[in-house]
Amino acid sequence: MKLNEIFPKESIVSKVGIDDVIFHEIGINNIDAIVKAKDSCMFELGGTIWDKHIQATPSENPMILGPHFQTANPYLFKEVSKVIGEDTIKDISYTYTEIKSSDVKYSKFSELLIAVLHQNILHISDIEFSHPLHEIPEKNRKYTFQSHKGLGLFGELISNCITFCKQEKLNKICLTAAAIDLVPLFEKHGFTVDDTPTGRHGMAYGGSIPMTKLLGS
Ligand SMILES: CC(C)(COP(=O)(O)OP(=O)(O)OC[C@H]1O[C@@H](n2cnc3c(N)ncnc32)[C@H](O)[C@@H]1OP(=O)(O)O)[C@@H](O)C(=O)NCCC(=O)NCCS
């Protein structure tokens, strides 16, 4: 299994029942295009990588990359790699949908930005599974970032992640819950909030909450 095969493309097509779904895939060889398309996610990913390094290396000066945090540098991961002396992103894949038919307004209805990090981590940076034809009326919306009905595919995604991790000998899956109302959903799939200053700060602030699912050996 390759990293870009984690995204359950066939199930997405069958769930939405639309034939002309196009999947755009960008990989590590074109990482500049990923940075261009997902600059804030890439900045957050750099921040997460740095945070995990700081947790594991208490002797590190946490302030040395301050200017890159202040400018929200989407290439922060490269700066972290320079400090650590190792490539921190080993592999990365960004996939998103497009529907050619002009009567479907919500064309980019599902996406996944996922990376293999040093420290044997599979990291989900951005995930959306929305049904393009089932917008939820604003007054009925329950969750911060959910504007459309979901596809019921999160479990399949995690199962694909586990298969990939076993193959690549990775021992954890990490993600950052964008809003606190996502925490119970991710907990249902075996993730727990990181017991770190960033995890506690995220819970207090109500968003950007790092969570981890440990995988048995
Ligand atoms: C979060 C998301 C990827 C889950 O994917 P999914 O395929 O819909 O997942 P599932 O259907 O397996 O699970 C969703 C279930 O959890 C529930 N749920 C709980 N908290 C939720 C939340 N904050 N957002 C969405 N669903 C939530 C849903 O009601 C749903 O239950 P139901 O099937 O009984 O209605 C999808 O809802 C989505 O794209 N949301 C908008 C974007 C987003 O929030 N991304 C996460 C950024 S970290």
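**Exercise 1. Work out whether K52 is buried or exposed, and find what surrounds it.**

Start with accessibility: K52 has a relative accessibility of 15%, so it counts as buried, the cut-off for that class being under 20%. Keep in mind that this is a predicted model. Next, place the residue: K52 sits in helix 3, which covers residues 39–56. Finally, look at its surroundings. Leaving out residues up to four places away in sequence, K52 touches Q119, I121, C174 and D194.

**Exercise 2. Find out which side chain of opposite charge is nearest to K213, and what the K213 side chain reaches.**

First, locate the residue: K213 is part of strand 8, residues 207–214. Second, check for a charged partner. K213 is buried but has no salt bridge. The nearest side chain of opposite charge is that of E187, 13 Å away, while a salt bridge needs the nitrogen and the carboxyl oxygen within 4 Å. Third, look for a polar atom instead: the K213 side chain reaches the backbone oxygen of H189 at 3.0 Å. Fourth, list the company it keeps. Neighbours within four places in sequence aside, K213 is in contact with I158, I162, N171, K172, I173, H189, G190 and F191.

**Exercise 3. Decide how compact the protein is for its 217 residues.**

Begin with the parts list: there are 8 helices and 8 strands. Now for the radius of gyration, which is 18 Å; the globule rule gives 17 Å for 217 residues, and the two are close, so the protein is as compact as a globular protein of that length. For the outer dimensions, the C-alpha atoms fill a box of roughly 55 × 40 × 40 Å along the principal axes. Then go inside: 45% of the 217 residues count as buried. Contacts add to the picture, too. Of those between residues at least 6 apart in sequence, 64% join residues at least 24 apart. Last comes the surface, with an accessible area of about 11400 Å², 52% of it from carbon and sulfur atoms.

**Exercise 4. Say where A72 and N120 lie, given that both have a positive phi without being glycine.**

Step one is the background: most residues other than glycine have a negative phi. Step two is A72, whose phi is near 50 degrees. A72 lies in the loop between helix 4 (66–70) and helix 5 (76–84), and it is partly exposed at 36% relative accessible area. Step three is N120, with a phi of about 60 degrees. N120 lies in the loop between strand 3 (110–117) and strand 4 (121–135). With a relative accessible area of 38%, N120 is partly exposed as well.

**Exercise 5. Pick salt bridges from the structure and classify the partners by exposure.**

The total is 9 salt bridges. Three of them can be taken in turn:

- K90 pairs with E86, with the closest N and O atoms 3.2 Å apart. K90 is partly exposed at 42%, and E86 is partly exposed at 34%.
- E98 meets K100 at 3.4 Å, N to O. E98 is partly exposed at 24%, whereas K100 is exposed at 56%.
- R141 pairs with E135, with the closest N and O atoms 3.0 Å apart. R141 is partly exposed at 28%, whereas E135 is exposed at 53%.

To finish, look for shared partners: K38, E111 and D126 are joined into one network by salt bridges.

Definitions and conventions: Residues numbered from 1 in each chain as written. Predicted model: local features only at pLDDT ≥ 70, side-chain atom pairs only at ≥ 80, totals over all residues. Heavy atoms only, no water. Helix = DSSP H or I, 4+ residues; strand = E, 2+ residues; numbered from the N terminus. Buried < 20%, exposed > 50% of the residue type's maximum accessible area, 1.4 Å probe, protein only. Lys, Arg positive; Asp, Glu negative; His and termini not counted. Polar contact = N/O pair within 3.5 Å; in protein donor to acceptor, adjacent residues only side chain to side chain. Contact = heavy atoms within 4.5 Å. Rg over C-alpha atoms; globule rule 2.2 N^0.38 Å. Areas by Shrake-Rupley, 256 points an atom, 1.4 Å probe, with all protein chains shown as cover.
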